[in-house]
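Please examine the sequence and the structure shown here before attempting the exercises. Each task is followed by a worked solution.

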Amino acid sequence: MIDVERLPARHDGNGPARPLWLLAELTYACPLQCPYCSNPTEMANIGREIDTDAWIRVLREARDMGATQLGLSGGEPLVRKDLEAIVSEARGLGYYTNLITSGIGMDDERVGRLHEAGLDHIQISFQASNEQLNDFLGGTSSFEQKKEMARRIKAHGYPMVLNIVLHRKNIDDIAEILDMAETLEADYVELANTQYYGWALENKDALLPTREQLVHAERVTNEYRERLGNRMKLYYVVPDYYEDRPKACMSGWGDIFLTITPDGMALPCHAARQLPNIDFPNVKDHSIDEIWCESHAFNMFRGLDWMKEPCRSCDERFKDYGGCRCQAYMLTGDMYAADPVCSKSPDHHVVTDAVARANERDPQEAAAQPLIFRNPKNSKRLHGLVDGEP
Ligand code: FES
């Protein structure tokens, strides 16, 4: 059992930091190629996946430290043949397990096996409300399979939880998206506007919606909310770029979130791998206890001492902890900077310029802009690797 005295303090001083939320990114392999995927673009250069035994050790050690929520994601977690074994172990340990999937690689039998293994919750994603756009964005034919799997999930007694990532190319279809969700008898719908990490950042100019599009989508969502009440719960997430205060990313670095990547790297958030000169620990070499309590990587942005101005003297630093470290790095090249989403940041213009470009662009030109799809070939191209390299 963990010695509570060893646990670091939370940002808000409210109890010790514990890895309550464990995200197991089981694989970066995925049959889809979504251009807004938040996975790292350098996926072609990432080492071998850890095996079942390593995952089971991670689950046990994190549970000992207080982890209760387990997200199973990827890539596409169904690609892993040992998914049922991992779920079964997690269930035995007392986790609440949530599978985050595209539904590709699933059939009725597999839903049954996962149910039997003790899986608590399944979230299935759609790219769009019609076959043509859905299959274009996913880079493969998947729409009918997704609809069928959504029905199968419900037939096995799970609440139906749909996730649709919104962006410039599908957000105008919000009513059709919600009609589809209603026809499928969804219980919860997460309308998550794209946030610009990973592949989405590469495609930002093609994907960032206009203000008018966002206002329309939110208005339509509210109309459906009013009509549907609790029958279908709708969650609408605004893109950071349209906010003027940053989010308290991950509820604070190293406060409650622990991500383990397919190759065993431990990260305080799903995007941190890109941050420069940080030696992120790997579960192949360290226990979760060592990683969480002692590693330099997990301690470097804990608390408020690392902050520079304007965060250091800002009244709101106890609320947003300076925003997202990854977004600060992606947009300014300085991971210690204030998140440029914040209107107090000296770099806020980077965000407002992107928004201005999105709003001023000729719609036809924006629609014609090619997308960079998430696949190994594009990963190699972006990172200067040659084909044939691992
Ligand atoms: Fe890494 Fe926000 S996504 S700190």
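The exercises below concern a predicted model.

**Exercise 1. The chain as a whole**

Task: Determine whether the radius of gyration of the chain agrees with that of a compact globule.

Solution.
Step 1. The chain has 390 residues, and a compact globule with that number of residues would have a radius of gyration near 21 Å.
Step 2. The value for the chain is 21 Å, so it agrees with the expectation.
Step 3. The C-alpha trace spans about 55 × 55 × 50 Å along its principal axes.
Step 4. Of the 390 residues, 44% count as buried.
Step 5. Contacts between residues at least 6 apart in sequence may then be considered: 73% of them join residues at least 24 apart.

**Exercise 2. The order of the sheet**

Task: State in which order the strands of the open sheet are arranged, and identify which strands stand at its edges.

Solution.
Step 1. The chain contains 16 helices and 9 strands.
Step 2. An open sheet is formed by 9 strands in the order β7-β6-β5-β4-β3-β2-β1-β8-β9, with mixed pairing.
Step 3. The edges are β7 (233-237) and β9 (266-267); each has a single partner strand, so one side of each is left without a neighbour in the sheet.
Step 4. In general, strands of a sheet pair through backbone hydrogen bonds, either parallel or antiparallel.
Step 5. An antiparallel case is the pairing of β8 (residues 257-260) with β9, over 2 bridges. Here T259 stands opposite L267 of β9.

**Exercise 3. Strand β5 and its surroundings**

Task: Explain why strand β5 is described as largely enclosed, and describe how β5 pairs with β4 and with β6.

Solution.
Step 1. Strand β5 comprises residues 161-166, and 5 of its 6 residues are buried; it is therefore largely enclosed by the rest of the structure.
Step 2. On the β4 (residues 121-126) side, the two strands run parallel and are joined by 4 bridges. Q123 is placed opposite V161 of β5.
Step 3. With β6 (residues 188-193), β5 pairs in the parallel sense over 6 bridges. N163 has E190 of β6 as its bridge partner.
Step 4. Helix α6 (residues 174-183) completes a right-handed β-α-β unit together with β5 and β6.

**Exercise 4. The nonpolar core**

Task: Name the residues that touch the most other members of the largest nonpolar core, and list the contacts of M160.

Solution.
Step 1. The largest nonpolar core has 98 residues, of which A24, A62, I153, M160, L162 and A181 touch the most other members.
Step 2. Apart from residues up to four places away in sequence, M160 touches A150, I153, K154, L184, E185, A186 and D187.

**Exercise 5. The annotated cysteines**

Task: Establish whether C30 is buried or exposed, and do likewise for C34.

Solution.
Step 1. In an unreviewed UniProt entry, the annotation "binding site" covers C30, C34 and C37.
Step 2. C30 is located in the loop between β1 (21-25) and α1 (52-64). C34 is also in the loop between β1 and α1.
Step 3. A residue is buried if 20 or more other C-beta atoms lie within 10 Å of its own.
Step 4. C30 has 24 other C-beta atoms within 10 Å and is therefore buried. C34 has 22 C-beta neighbours inside 10 Å, so C34 also counts as buried.
Step 5. Leaving aside neighbours within four places in sequence, C30 is in contact with G74, G75 and E76. With residues up to four places away not counted, C34 touches Q127, L137, G138 and R374.

How values were computed. Residues numbered from 1 in each chain as written. Predicted model: local features only at pLDDT ≥ 70, side-chain atom pairs only at ≥ 80, totals over all residues. UniProt positions renumbered as here; feature names shortened; annotations may be inferred. Buried ≥ 20, exposed ≤ 12 C-beta atoms within 10 Å, placed from the backbone. Contact = placed C-beta atoms within 7 Å. Pairing = 2+ DSSP bridges. Right-handed = clockwise from strand over helix to strand, strands pointing away. Rg over C-alpha atoms; globule rule 2.2 N^0.38 Å. Core = buried A, V, L, I, M, F, W, Y, C linked by C-beta atoms within 7 Å.
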